[in-house]
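Student: Hi! Could you walk me through this protein? I'd like to ask things as they come up.

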Amino acid sequence: MPEKVPVISRNTFPKRDLLLKLIADRLAKLRNDRNFGSDNERYLYTRITAVAYLKETGQYRRQLQGCLKNFSGRTAETFRPEFVSAVRTLYRDHLLNLGRSVIEFSEQKVNRRKILDLDFSGAEISNPHFSGILESLFNEYGEVVLNLDYAPWTCRMARIYNCSKDTMNRLEGKLRIIGQFGCLDEAISFLEVRIGLHGKYTFKVLVDNLDELINDFLIDSSNGLVNNVKAQQPLDELVKEAAGKYEILNAPTYLVNPAAYKSILKHRIKATLKKGSFNFPRSGQNL
């Protein structure tokens with residue numbers, strides 16, 4: 001008999017577990033979905049799911065960085081259209097294999113003897129991809145779907161196959177790998193801008209702002225104080241190291257004007273060293 005689970009209850013699944021259970025169920029049933037014209041379309045659909053999951057759980061940037069790192073050192077001469085086209089073909093072929101593998105994994109690992117009825121009463125689903133997954137479930141089981149004319153929309157019940165914690169962990173690992181290859185379009189756009197500006201792409205760690213940079217570069221996470229090794233280094237050496245290691249995503253001016261970037265780094269690093277500690281604001285996280 002299906003187990004009824006209220007999704008909005010604090011005592012049920014964390015968002016990560018809920019999404020992984022939905023994805024496992026969706027992929028396990030994908031082979032019978034007639035909305036796809038071919039197996040290749042099904043396999044490539046897993047890329048969309050992987051990217052949506054990674055963005056929703058705050059893991060996408062790490063996979064994007066993993067993709068970007070493979071192109072470090074590329075120049076305007078070596079990042080030509082024929083190279084980009086070849087990479088797209090190579091990655092697409094690999095994504096087909098990864099997609100086939102994760103679908104087969106989900107088919108084998110979901111527990112078809114244990115059914116969960118997820119009660120979404122009162123829950124709002126704002127992610128379009130997962131809204132679509134739920135809508136397919138409601139249509140399949142004839143459940144009532146409310147307010148489909150706008151998003152976020154409110155819904156009621158979704159029936160899925162359950163899966164184990166081990167299956168969820170392994171599925172998440174597979175989604176991360178798919179995501180690293182599936183973010184190629186964004187990576188190429190990112191690379192084109194940097195190579196256009198500087199003639200060459202050098203991999204850097206991506207951060208949202210100066211606070212995140214200072215926290216990662218200077219601060220010992222165990223005590224909130226300036227790292228002892230960093231505290232002994234000359235200021236100009238620290239500025240050069242930080243400028244070469246990090247890119248601030250929300251400050252395009254620094255891409256265009258490296259001197260201004262080093263100037264603000266020098267000011268912030270000097271102030272942090274003088275203070276000896278840094279309180280990093282944790283009000284939210286970009287997905």
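**A chat about pockets, contacts and salt bridges**

Tutor: Happy to! Keep in mind that this is a predicted model. Let's begin with the second largest pocket: by class, its lining has 9 nonpolar, 3 polar and 6 charged residues.

Student: How many residues line the second largest pocket, and which lie nearest its centre?

Tutor: The lining has 18 residues. His 198, Lys 204, Ala 243, Leu 255 and Tyr 261 are the ones nearest the centre.

Student: What volume does the second largest pocket have?

Tutor: About 360 Å³.

Student: And which helices and strands supply its lining?

Tutor: Five elements each give at least two residues: helix H7 (184-198), helix H10 (235-245), strand S9 (246-248), helix H11 (252-256) and helix H12 (258-275).

Student: Switching topic: what about closed-off holes? How many cavities of 30 Å³ or more does a search find?

Tutor: A search of the whole structure turns up 1 cavity of that kind. The volume of the largest cavity is about 30 Å³.

Student: Which residues line the largest cavity?

Tutor: Its lining is made of Arg 31, Asp 39, Arg 42, Tyr 43 and Ile 103. Helix H2 (residues 39-56) provides the largest share, 3 residues.

Student: How does that lining divide by class?

Tutor: The largest cavity has 2 nonpolar, no polar and 3 charged residues in its lining.

Student: OK, charges then. Why would two charged side chains pair up?

Tutor: Side chains of opposite charge can pair when their charged atoms come close.

Student: How many salt bridges does the structure hold?

Tutor: There are 18 salt bridges. One of them joins the side chains of Glu 172 and Arg 16, at 3.1 Å from N to O. This pair links distant parts of the chain, since Glu 172 is in helix H6 (residues 165-182) and Arg 16 is in helix H1 (residues 15-28), 156 residues apart.

Student: Is Glu 172 buried or exposed?

Tutor: Glu 172 is buried, because its relative accessible area is 6% and buried means under 20%. Its partner Arg 16 has 22% relative accessibility, so Arg 16 counts as partly exposed.

Student: Which residues are in a salt-bridge network with those two?

Tutor: Asp 17, Lys 165 and Arg 176 are linked with Arg 16 and Glu 172 in a network of salt bridges.

Student: Can you show me another pair?

Tutor: Sure. The side chains of Asp 185 and Arg 88 form a salt bridge, with 2.3 Å from N to O. Asp 185 lies in helix H7 and Arg 88 in helix H4 (residues 81-109), so this pair ties together parts 97 residues apart in sequence.

Student: How accessible are Asp 185 and Arg 88?

Tutor: Asp 185 is at 46% relative accessibility and counts as partly exposed. Arg 88 is partly exposed too, with a relative accessible area of 35%.

Student: What about a salt bridge that involves strands?

Tutor: Try Asp 117 and Arg 159, whose side chains meet in a salt bridge of 2.8 Å, N to O. The pair ties together parts that are 42 residues apart in sequence, because Asp 117 lies in strand S2 (residues 111-119) and Arg 159 in strand S5 (residues 157-162).

Student: Where do those two stand on accessibility, Asp 117 and Arg 159?

Tutor: Asp 117 is buried, with a relative accessible area of 11%, whereas Arg 159 is partly exposed at 29%.

Student: Back to helix H7. What can you tell me about Ala 187?

Tutor: Ala 187 sits in helix H7. It counts as buried, at 0% relative accessibility. Ala 187 and Phe 71 are 116 residues apart in sequence and 9.3 Å apart in space, C-alpha to C-alpha.

Student: And is Leu 197 buried, partly exposed or exposed?

Tutor: Leu 197, also placed in helix H7, is partly exposed, with a relative accessible area of 41%. Together with Val 193 and Val 256, Leu 197 makes a nonpolar surface patch of about 270 Å².

Student: Last one: how far apart are Val 207 and Ile 248 in sequence and in space?

Tutor: They are 41 residues apart in sequence, and in space 5.1 Å from C-alpha to C-alpha. Val 207 belongs to strand S6 (residues 205-207) and is buried, with a relative accessible area of 2%.

Student: Thanks, that helps a lot!

Note on methods: Residues are numbered from 1 along each chain as its sequence is written. This is a predicted model: local features need pLDDT of at least 70, side-chain atom pairs count only at pLDDT 80 or more; totals for chains, interfaces and linings use all residues. Side-chain values use heavy atoms; hydrogens and water are left out. On a 1 Å grid over the protein atoms alone, a cavity is a set of points where a 1.4 Å probe fits but cannot get out, and a pocket is an open set with protein on both sides within 12 Å along at least five of seven lines; lining residues have an atom within 4 Å of a point. Grid points are joined across faces, edges and corners, and a volume is the space filled by probe spheres set on the points. Helices (H or I, at least four residues) and strands (E, at least two) are DSSP runs, numbered from the N terminus. Ala, Val, Leu, Ile, Met, Phe, Trp, Tyr, Cys and Pro count as nonpolar, Asp, Glu, Lys and Arg as charged, and the others, Gly among them, as polar. Patches are made of residues with over 30% relative accessible area and no salt bridge: like charges are joined within 9 Å, nonpolar side chains (Val, Leu, Ile, Met, Phe, Trp, Tyr) within 5 Å. Accessible areas come from the Shrake-Rupley method with a 1.4 Å probe; for residues, only the protein chains shown count as cover. A salt bridge is a side-chain nitrogen of Lys or Arg within 4 Å of a carboxyl oxygen of Asp or Glu. Buried means under 20% relative accessible area, exposed over 50%, partly exposed in between (1.4 Å probe, protein chains only).
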